[in-house]
Amino acid sequence: MQSTRNKLIDILSNNSDTYISGQAISEQLQISRSAIWKHMKELEKDGYVIEGKSKRGYRILEYPNKLSGNTIKWGLETEWLGKEIIYKDTLKSTQILAHELAQGHAQHGTVVVAGEQTQGRGRMDHTWESSKEKGIWMSFILRPEIAPNQAPQLTLLAATVLAEVLRRDVGVVPMIKWPNDLLINRKKCAGILTEMQAEQDQIWYVVLGMGINVNHTLDDFPKDLHSRATSLKLETDKTWEIRDLIQKILVTFERTYNTYLDNGFSVIKERWEKDGFRIGEQIKIKTLRDKWEAPFLGIAEDGALQTKTPNGEETKLYSAEIDWFS
Ligand code: BTN
């Protein structure tokens, strides 16, 4: 249940370019005009700047800098992604909370964001370093009407979204390392983790997690990651506004996801291959059972890595780690 305070912020946010009268708010929230006034004063204490004009009503002029569900939603131009945003200062993992919410029927497009994660997780059981307010740690709950074997396409789709935002809004040259790593200057700055609950031919839900290193300095990374990890700040010498980047990612993700549902995976595959790292080159491949070297031929329609077996036969891999020769 949303609190009265959050409902009030929602009403003001939805009317950000006009005034909304005390009478109208009182009718929508079923509370008295003096109760509204008290809530407004509380919001002002928390950093909201609210203009109140007699005969016209109220409107929000400024949101506090602090990250919260409401501040992320403020000015967010999406139709369905992030209509519900749950923000927590600290979580074990946004994936864990998103799974719990999805099992409790959270709606398609719900977004979970954390200031820090104490047990952030990556692919292949790796841990994911998620220090406080340095990066974007978020998970989307999606309920796509696609077959379970198409779900890996969503990971690749998300990678193209991050590549687009990094190129357009951050001004760096991103590369995507199969399937889900975003590299800048060959160092990893973001990763994507897609998990789902499904039956044989039906997806119940997908939890798509993104981790992006934004304002880390080198000291914020453990020593063993110094040669392999980077952040937007390290690459651009600039501190980035997390809230603004989250909004850009949500808008770009929603647009790309809609395109994917309307036109299929081929557009996404094309975009992915344009930014794909080391396509056409010899790479090192490691699966649970084997390690070998083979050419990276591209990605298949189902998102798999197209390569060759140690015997030289063409094959598709769904789960593997790849590395390259410098
Ligand atoms: C990887 O590169 O291995 C994937 C990393 C995914 C990290 C994100 S951070 C938000 C979400 N919550 C997690 O615990 N993991 C994902």
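The UniProt record, in an unreviewed entry, places a "binding site" feature at Gln117, Arg121, Gly122, Arg123 and Lys188. In the structure considered here, which is a predicted model, the lining of the largest pocket takes in Gln117, Arg121, Gly122, Arg123 and Lys188 from this set. That pocket has a volume of about 1,100 Å³, and of the 46 residues that line it, those closest to its centre are His126, Trp128, Asp181, Lys188 and Arg228. Lys188 is thus named both in the annotated set and in the group closest to the pocket centre. Two or more lining residues are given by each of the following elements: helix H5 (94-103), S5, strand S7 (181-184), strand S8 (187-199), S9, strand S10 (282-286) and strand S15 (321-324).

Among the annotated residues, Gln117 has its place in strand S4. With a relative accessible area of 11%, Gln117 is classed as buried, because this value falls under the 20% limit for burial. Apart from neighbours within four places in sequence, the contacts of Gln117 are Leu91, Lys92, Ser93, Thr94, Trp128, Ser130 and Trp137. One of these partners, Trp128, is separated from Gln117 by 11 residues in sequence and by 8.6 Å in space, taken from C-alpha to C-alpha; Trp128 is also listed with the residues closest to the centre of the largest pocket.

Arg121, by contrast, is situated in the loop between S4 and S5, and Arg123 lies in the loop between S4 and S5 as well. The relative accessible area of Arg121 is 32%, so that this residue counts as partly exposed, between the limits of 20% and 50%. Arg123, at 22%, is likewise partly exposed. When residues up to four places away in sequence are not counted, Arg121 touches Ser93, Gln95, Ile96, His99, His126, Thr127, Trp128, Leu193 and Glu195. For Arg123, leaving aside neighbours within four places in sequence, the contacts are Pro179, Asn180, Ile192, Leu193 and Ala320. Leu193 therefore appears in the contact lists of both Arg121 and Arg123, where contact stands for heavy atoms within 4.5 Å.

The strands on either side of this loop belong to an open sheet, in which seven strands follow the order S3-S4-S5-S9-S8-S7-S6 with mixed pairing. Strand S3 (85-91) and strand S6 (174-177) form the edges, each of them pairing on one side only, and neighbouring strands of the sheet are turned against each other by 20 degrees on average, with direction ignored. Strand S4 (residues 110-117) and strand S5 (residues 135-142) are paired in the antiparallel sense over five bridges. Within this pairing, Thr110 has Ile141 of S5 as its bridge partner, while Val112 is partnered by Ser139 of S5. S5 is also paired with S9 in the antiparallel sense, over eight bridges, and in this second pairing Met138 stands opposite Met210 of S9.

Strand S5 is mostly covered, with eight of its eight residues buried. The cover extends to both faces of S5, since Gly135, Trp137, Ser139 and Ile141 on one side, and Ile136, Met138, Phe140 and Leu142 on the other, are all under the 20% limit for burial. Trp137, in the first of these groups, is among the contacts of Gln117. Helix H8 (residues 242-263) lies across S3, S4, S5 and strand S9 (202-213), and runs at about 30 degrees to S5.

With regard to enclosed space, the count comes to one cavity of 30 Å³ or more, and the largest cavity has a volume of about 40 Å³. The lining of this cavity is made up of Ile136, Leu162, Val165, Leu166, Ile212, Leu232, Leu245 and Ile249. Helix H6 (152-170) and H8 each supply at least two of the lining residues, and the largest share, three residues, comes from H6. Ile136, which takes part in this lining, is one of the buried residues of S5.

Note on methods: Residues are numbered from 1 along each chain as its sequence is written. This is a predicted model: local features need pLDDT of at least 70, side-chain atom pairs count only at pLDDT 80 or more; totals for chains, interfaces and linings use all residues. Side-chain values use heavy atoms; hydrogens and water are left out. Two strands pair if DSSP finds at least two bridges between them. Helices (H or I, at least four residues) and strands (E, at least two) are DSSP runs, numbered from the N terminus. Axes are lines fitted to C-alpha atoms, for helices over the stretch in contact, and angles run from 0 to 180 degrees between N-to-C directions. Buried means under 20% relative accessible area, exposed over 50%, partly exposed in between (1.4 Å probe, protein chains only). UniProt positions are given in the numbering used here, feature names are shortened, and annotations may be inferred rather than shown by experiment. On a 1 Å grid over the protein atoms alone, a cavity is a set of points where a 1.4 Å probe fits but cannot get out, and a pocket is an open set with protein on both sides within 12 Å along at least five of seven lines; lining residues have an atom within 4 Å of a point. Grid points are joined across faces, edges and corners, and a volume is the space filled by probe spheres set on the points.
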